[in-house]
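Q: Please look closely at the metal site of this protein and at the strands around it. Which residues hold the metal, and how is the chain arranged?

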Amino acid sequence: MGVEPPVTTADLFRSLPDSPDILPLGPGAAVLPGFVRAADIAECLAALSGVLRQAPLRHMVTPGGHRMTVAMSNCGTWGWTSDLQGYRYSRTDPVSGSPWPPIPPLLAGIAERAANRLGYDSFRPDACLINRYRPGAKLSLHQDRDEHSLDQPIVSLSLGLPARFRFGGADRRARLRQTVLESGDVVVWGGASRLAYHGVLPLEDGLHPLTGACRLNLSFRRT
Ligand code: MD3
Ligand code: FE
């Protein structure tokens with residue numbers, strides 16, 4: 001009868017993610033829960049309010065003619081837009097005709113540090129899509145494929161009310177998994193997960209101390 005070698009603390013840790021603050025979601029994708037702490041979230045929101053004064057949130061229309069329930073805006077060199085003509089990145093805000101406001105350095109720094117944690121050492125976002133969900137707002141299952149840099153991740157920062165997020169694989173038929181994204185959570189979507197189908201279920205009612213009855217999601221991209 002063989003005697004098992006003793007289980008060491010190192011053995012126990014090998015079966016866990018590299019670090020308890022990184023939760024793998026899929027190939028190349030991971031959540032950094034609470035990467036932005038409550039005290040810093042207020043500063044993120046202050047930076048964001050400056051952006052939204054220059055480029056107010058608006059409900060875009062899909063190429064199919066549906067008004068999106070999520071209100072959107074952008075900062076960065078490029079901004080994502082949708083209208084009856086299609087989806088595209090534009091240097092200017094179609095509402096004002098002016099360039100989108102720059103990405104506030106505080107926010108770009110958070111996205112870059114999060115990407116660094118997952119091994120992307122040269123992530124420099126040139127676009128940041130700002131999504132605002134009020135109760136009932138949702139995002140149907142889709143892929144993000146309007147960018148050229150599919151080797152670069154998308155980094156998302158959630159602020160305010162929690163949301164149920166669904167994601168599958170690069171094939172629409174892949175089975176869906178769900179996770180709740182909370183205020184301060186950052187998700188890095190790279191590698192094989194970059195083209196994963198994903199969406200957000202209708203936001204539930206609630207009140208967040210910093211955002212009130214809404215959730216904001218910032219997704220940092222390299223076009
Ligand atoms: C997974 N926004 O704006 S961010 C979007 O919470 C979008 O507002 C969601 O999907 C939101 O396009 C999710 C997280 C996210 C962003 C890009 C991804 C997840 C992704 C690209 C590939 C796979
Ligand atoms: Fe998306």
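A: The donors of the iron ion (ligand 2) follow the spacing H-x1-D-x53-H along the chain. They are His142 (NE2), Asp144 (OD) and His198 (NE2), at 2.0 to 2.2 Å from the ion; donors are N, O and S atoms within 2.8 Å of the metal (3.2 Å for Na, K and Ca), and water is not among the atoms, so sites may look incomplete. The two histidines link distant parts of the chain, 56 residues apart: histidine 142 lies in strand E7 (residues 139-142) and histidine 198 in strand E12 (residues 198-200). Helices (H or I, at least four residues) and strands (E, at least two) are DSSP runs, numbered from the N terminus.

This is a predicted model, in which local features need pLDDT of at least 70 and side-chain atom pairs count only at pLDDT 80 or more, while totals for chains, interfaces and linings use all residues. Residues are numbered from 1 along each chain as its sequence is written, chains are lettered from A and ligands numbered from 1 in the order in which they are written, and side-chain values use heavy atoms, without hydrogens and water.

Histidine 198 counts as buried because its relative accessibility is 16%, whereas histidine 142, at 22%, counts as partly exposed. Buried means under 20% relative accessible area, exposed over 50%, and partly exposed in between (1.4 Å probe, protein chains only).

Elsewhere, seven strands form an open antiparallel sheet in the order E1-E2-E11-E8-E13-E6-E3, where two strands pair if DSSP finds at least two bridges between them. Strand E1 (23-26) and strand E3 (71-76) are the edges, each pairing on one side only.
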